[in-house]
Amino acid sequence: MSKSGSITAAGQNLWAKVPKANSELFALTYGSLITELIRDYDQNIPEINNQLDRIGYSIGVRCIDELFAKSEVNGVQIPSCRELRETAEVVAKIGFRMFLGVSCDVGKLTEKSFSLYLSENPLSIFVELPQNEVGVDGSSSHGPDWTQLKYSNVYCGVIRGALEQVNLKVECEFVGDMLQGDDVNEIKVEVKEVIADGAGEDYQEE
Amino acid sequence: MTVHSLHIFDRKGKTLFTKTYSPIAVKQQRYLAESGTAEPGSDPVTEQRKLVFGMLFSLRELVGSLTPDHSGESLQAVRTGSSTVHTFETMGGLRLALYTSNDVPTSQTSERREYMDNIFARDVLRNIYSNIWVECVVRSPMYSPGEIDVKSTTFERELDSYLSSLPWFR
Amino acid sequence: MSKSTSILDRPILKPRTDQVSMSAYGYLYSELVQYHQTRASSISELEERLASSGYGVGFKILELLSYRNKDNRRETRIMSILQFISSSVWKSLFGRAADSLEKSIEHTDEYMIFDYNPITSNFVSVNKAVSDAYISGIIGGVLEGAGFTARVSAHSVDIEEGEMKNGLIGMPSRKDKAVFLIKFSEKVLERDAKLDR
């Protein structure tokens with residue numbers, strides 16, 4: 001079996017074994033989080049996007065441990081990801097599959113970046129973004145610019161957090177969003193730095 | 001066969017969890033705390049733990065650079081005349097170190113093939129990480145890497161009941 | 001123009017059968033808890049905030065289930081709305097019915113829904129009841145939306161020796177269960193009593 005084929009199989013294998021939760025509850029709960037953010041940040045869209053990224057980051061740094069542990073328990077071998085292609089495949093075929101049960105594809109692979117394509121997005125199954133308010137004279141009004149909202153920006157944070165735990169510093173951006181009328185959800189991941197493993201003097205402080 | 005103690009370090013060497021089990025190790029630590037010397041602002045026991053981390057870290061680096069083909073380059077155990085430190089490093093950089101007496105086998109490949117119970121320290125560490133650490137600590141809503149009071153979770157309880165069920169515990 | 005189907009064209013009538021992993025839900029939910037925690041100054045405020053998040057979900061799920069329910073029934077009695085919650089709402093959100101529904105013996109205006117494994121506190125080791133406040137909010141939202149004003153609170157009680165325990169596979173075993181205490185307003189009780197005649 002080809003390498004990418006075996007990664008896909010590993011992801012499906014893990015997905016079959018993990019306990020499941022209802023996707024509507026998942027989507028509604030994420031929705032309630034968004035509602036809180038919109039209220040607490042007074043409809044400041046860029047800040048809401050930031051907060052979502054921050055929340056995702058905190059999830060990402062944790063779920064990577066679970067991914068390794070679950071693989072270990074189920075005898076699934078995660079390749080050591082010496083090439084970016086492998087890393088991308090693991091994120092897409094194991095990460096997204098194991099946690100969300102969705103398929104995710106890798107594309108636009110370069111030495112320093114790749115894109116992830118999500119055709120199903122469990123976060124947004126009930127979502128329709130509001131239209132921007134338009135003034136009587138047709139000019140745009142003072143309401144928030146909803147076209148700037150990255151509803152599913154939490155994914156970017158998750159990927160950033162997870163990859164940082166394996167020494168890859170990346171930047172992620174939600175570049176295509178079906179909620180905004182794009183054909184497919186696209187997350188662009190760009191590697192900024194490969195962190196050298198080193199305890200340095202950090203371990204002096206307890 | 002005895003389990004002396006367990007340390008869990010994060011990637012940067014911060015101690016996330018430490019517990020001493022055997023009476024003899026407790027006694028030795030007490031002695032160290034009373035008579036040992038340490039830099040001001042630190043106690044000898046903490047100092048010693050840092051040295052353990054430093055040793056594992058440097059050895060791992062050395063082993064890595066000595067291995068020709070980058071396979072199986074992980075450090076498994078360090079043994080002295082009286083005791084063994086078994087170690088397991090996760091892909092996320094978490095390091096677990098388990099001190100035992102020398103008669104506890106590290107893994108299938110270590111020389112004590114005749115060992116009957118077939119419970120190897122590396123498998124124990126792997127299990128502590130996969131089933132106890134991840135379930136109790138990583139899953140806890142309060143967890144963020146390097147910033148958690150492990151005592152606030154059920155980790156210690158689960159760990160103790162697991163370790164004490166092992167044939168070579170005490 | 002976009003080729004993708006708008007959400008308005010997608011069928012909502014059929015319940016979705018797709019799932020996500022329990023841990024993905026766990027992570028998301030714990031972020032919701034943390035979010036509120038940083039903004040709440042006390043445990044009771046945290047409970048209130050979580051409950052208010054759940055409240056909106058309750059409203060939405062009531063609407064969704066009523067729409068999906070083909071016979072257009074509307075629950076008008078206390079017992080039937082409670083059964084609706086502990087079976088239909090529970091099944092659609094948690095994949096199974098609640099473990100039991102009981103009427104309080106001491107207080108005639110109180111009812112209790114029991115659950116041995118509420119999803120919201122499966123991975124929590126302390127203050128489980130606080131974490132379950134989200135579900136009490138959902139219950140409150142459904143009840144309010146259906147015209148039954150009530151106060152709902154979450155509690156955690158130890159499981160008694162020998163009590164049946166149907167833990168979920170793959171979930172940590174628990175020594176306690178969640179109790180959702182529902183206290184109806186006087187008006188609701190009066191109305192229900194009238195319907196008895």
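Leaving aside its neighbours within four places in sequence, with which residues is Tyr25(C) in contact? In this predicted model, the partners of Tyr25(C) come from two chains: Ala21(A), Leu25(A) and Phe26(A) on one side, and Val20(C) and Ile119(C) on the other. Tyr25(C) also has a special place in the largest nonpolar core, a set of 135 residues, where Tyr25(C) and Ile159(A) touch the most other members.

Two of the partners of Tyr25(C), Ala21(A) and Val20(C), turn up again where strands from the two chains meet. Strand E1 of chain A, residues 20-22, is joined to E1(C) by three bridges, and the two strands run antiparallel. Within this pairing, Ala21(A) stands opposite Val20(C).

The strands belong to a wider contact between chains C and A, to which chain C gives 32 residues and chain A gives 33 residues. On the side of chain C that touches chain A, the elements giving two or more residues are strand E1 (19-21), helix H1 (22-39), helix H2 (43-68) and helix H3 (78-94). Which of these gives the most? That element is H1(C), with 10 residues. Sorted by class, this side of chain C has 17 nonpolar residues, 10 polar ones and five charged ones.

Chain A also touches chain B, in a contact that takes 16 residues from chain A and 20 residues from chain B. Here helix H3 of chain A, spanning residues 45-73, supplies the largest share of the chain A side, namely 10 residues. The chain A side of this contact has eight nonpolar residues, six charged residues and two polar residues.

A look at chain A itself helps to place these contacts. Its secondary structure comes to five helices and five strands, and from the N terminus on the elements run in the order α-β-α-α-α-β-β-α-β-β. Chain A has 206 residues, of which 45% count as buried. Among the contacts in chain A with a separation of 6 or more, 63% are between residues 24 or more positions apart.

As for confidence, the model scores ipTM 0.87 and pTM 0.83. For chain C, the partner that carries Tyr25(C), the mean pLDDT is 82, and 81% of the residues of chain C reach 70 or more.

Definitions and conventions. Residues numbered from 1 in each chain as written. Chains lettered and ligands numbered in written order. Predicted model: local features only at pLDDT ≥ 70, side-chain atom pairs only at ≥ 80, totals over all residues. Contact = placed C-beta atoms within 7 Å. Helix = DSSP H or I, 4+ residues; strand = E, 2+ residues; numbered from the N terminus. Nonpolar A, V, L, I, M, F, W, Y, C, P; charged D, E, K, R; others polar. pLDDT = per-residue confidence, 0-100. Core = buried A, V, L, I, M, F, W, Y, C linked by C-beta atoms within 7 Å. Buried ≥ 20, exposed ≤ 12 C-beta atoms within 10 Å, placed from the backbone. Pairing = 2+ DSSP bridges.
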